[in-house]
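Welcome! Take a moment to look over the sequence and the 3D structure, and keep both at hand while you read.

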Amino acid sequence: MRLTSLLSLAALTSISIAKTPGCGEDIPSKYPKAGSSESLSLPNTDREYRLYIPTSYDKNTPTPVYFSFHGAGRDMVEEESLSQFSNPEFNPDGIAIYPNSKNGYWLSSPYANTSRPNDLDFTNDLLTHMEETLCIDTTRVYSAGKSNGGGFTSVIACNATVGSRFAAFAAVSGAWYDTADMKGVGSCAPAKRDEGYPFLEFHGTVDTTAPIDGDGDAKLPVIDVLQAWAAQNGCADNAQPTSNVTVFDDPLVKHASWDCNGLKGIVQHYRESDNGHCWPSTVGNDDFTRNAAQCPLGSLEQDEHNKYHHEYWYKYCHWHSSHKY
């Protein structure tokens, strides 16, 4: 898959760009210089995040933002290395933000710190801070995460206040829990908008940490989450995919897609045979280093099979950014 084709499609549709207070201002001195990243603290809080500003950043040009949330027991530095959102090969023109959780877990995990201000408050405040200090395109703010970070991405999307500020959501090896009775989270109740809530999920069939079919106890099957988001976007309850095609034969990778309420591909899923609790990568990553046996798609040698992952995520973002919301 190539980014070019989708960018040309996006260009056919006008994009409403909303400038933020940070437009026209120089990059704050404490921030990283364009082309690099730094670890920072959100002012007047004890919350940390890592910020990457692309070389192409222009203080007068509204810039897309990618949030990338780490997995349980991980941190912002590992997530930057894992997701490669600071790699201009995959992300040539977007600001990347890697927040740190309070205690190694994000809201959605039963082990998360739920005290206020909680992770949703932090995400909301951090995005506001970015808009006040950098030139942000508020129509192109995206959320992605690995494992528990992927589960938190869904929590963001479900929150009417915070989720309404994001354009699209994605999870890799998402760890999914029922959060209806969780303090500070509750049932999924996103703000209504005509363009819906684009949702994308990647999952390996041999994932033993967040099993694709759930664990029969706390963790939910991925299909339940996908169908729930399809329903939120206007499909019937328990709707089957509109399409389900083979992307690669060896290892087998299937791509399922839901068209709901006139929204083509609003929910999408990649099912990766023989891949475990892993972030596929064309450049190698920590998942492959720690667990090569379970993470074959984290190896450079698997380039032809795993290149779809980063490229498709950015295709997905650019496609949905072409729709006003």
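This briefing walks through some contacts, salt bridges and helices, topic by topic.

Please keep in mind that this is a predicted model. The structure holds ten salt bridges, and a few of them are described below. We begin with two buried strand residues and then turn to charged pairs and helices.

**Arg50, a charged residue inside**

- Find strand 2, which covers residues 48–53, and you will find Arg50 in it.
- Is Arg50 buried or exposed? Its relative accessibility is 17%, and because buried means under 20%, Arg50 counts as buried.
- Which side chains make polar contacts with Arg50? One is Ser37, at 3.3 Å, and another is Glu80, at 2.4 Å.
- Setting aside neighbours within four places in sequence, Arg50 touches Ser37, Glu38 and Ser39, then Met76, Val77 and Glu80, and also Ala96, Ile97 and Tyr98.

**Ile97, with no accessible area**

- Ile97 sits in strand 4, which spans residues 95–99.
- With a relative accessible area of 0%, Ile97 is buried.
- Beyond its neighbours within four places in sequence, Ile97 is in contact with residues that include Tyr49, Arg50 and Leu51. Val65, Tyr66, Phe67 and Ser68 are also among its contacts, as are Leu126 and Met130.
- Try tracing the chain from Glu38 to Ile97: they are 59 residues apart along the chain, and their C-alpha atoms are separated by 10.0 Å.

**Salt bridges**

- As a general idea, side chains of opposite charge can pair when their charged atoms come close.
- Asp121 and Arg116 form such a salt bridge, with their closest N and O atoms 2.6 Å apart. Asp121 counts as buried at 18% relative accessibility, whereas Arg116 counts as exposed at 58%.
- Which residues share a salt-bridge network? Lys146, Asp286, Asp287 and Arg290 are linked in one.
- Within that network, the side chains of Arg290 and Asp286 meet at 2.8 Å, N to O. Arg290 and Asp286 both belong to helix 7 (residues 286–290), and because they are four residues apart there, about one helical turn separates them.
- Arg290 also meets Asp287 in a salt bridge, at 2.9 Å from N to O. Asp287 and Arg290 are three residues apart in helix 7, so they too are separated by about one helical turn.
- Why does that spacing matter? An α-helix has 3.6 residues a turn, so residues three or four places apart point the same way.
- The three helix 7 partners vary in accessibility: Arg290 is partly exposed at 43%, Asp286 is partly exposed at 21%, and Asp287 counts as buried at 1%.

**Where helix 3 meets helix 4**

- Helix 3 (residues 119–133) packs against helix 4 (residues 148–158) at an angle of about 75 degrees, and their axes are 11 Å apart.
- That angle makes the two helices roughly perpendicular to each other.
- On the helix 3 side, the contact is made by Asp119, Leu120 and Thr123, while helix 4 brings Phe152, Val155 and Ile156.
- By type, the residues of this contact divide into four nonpolar, one polar and one charged.

**Helix 2 and its two ends**

- How many of the eight residues of helix 2 are buried? Six are, so helix 2 (residues 76–83) is largely enclosed by the rest of the structure.
- The buried residues of helix 2 are Met76, Glu78, Glu79, Glu80, Leu82 and Ser83. Glu80 is also the residue whose side chain has the 2.4 Å polar contact with Arg50.
- At the N-terminal end, Asp75 acts as a cap: one of its side-chain oxygens lies 3.2 Å from the backbone nitrogen of Val77.
- Just after helix 2, Gln84 takes a positive phi of about 60 degrees.

**Helix 6 and its cover**

- Helix 6 spans residues 222–232, and its buried residues are Val222, Val225, Leu226, Gln227, Trp229 and Ala230.
- What covers these buried residues? The cover includes helix 4 and three strands: strand 7 (199–204), strand 9 (252–260) and strand 10 (263–272).
- Just after helix 6 comes Gly234, with a positive phi of about 105 degrees.

Conventions
Residues numbered from 1 in each chain as written. Predicted model: local features only at pLDDT ≥ 70, side-chain atom pairs only at ≥ 80, totals over all residues. Heavy atoms only, no water. Buried < 20%, exposed > 50% of the residue type's maximum accessible area, 1.4 Å probe, protein only. Polar contact = N/O pair within 3.5 Å; in protein donor to acceptor, adjacent residues only side chain to side chain. Contact = heavy atoms within 4.5 Å. Salt bridge = Lys/Arg side-chain N within 4 Å of Asp/Glu carboxyl O. Axes fitted to C-alpha atoms, helices over the stretch in contact; angles between N-to-C directions. Parallel < 35°, antiparallel > 145°, perpendicular 65-115°, else oblique. Nonpolar A, V, L, I, M, F, W, Y, C, P; charged D, E, K, R; others polar.
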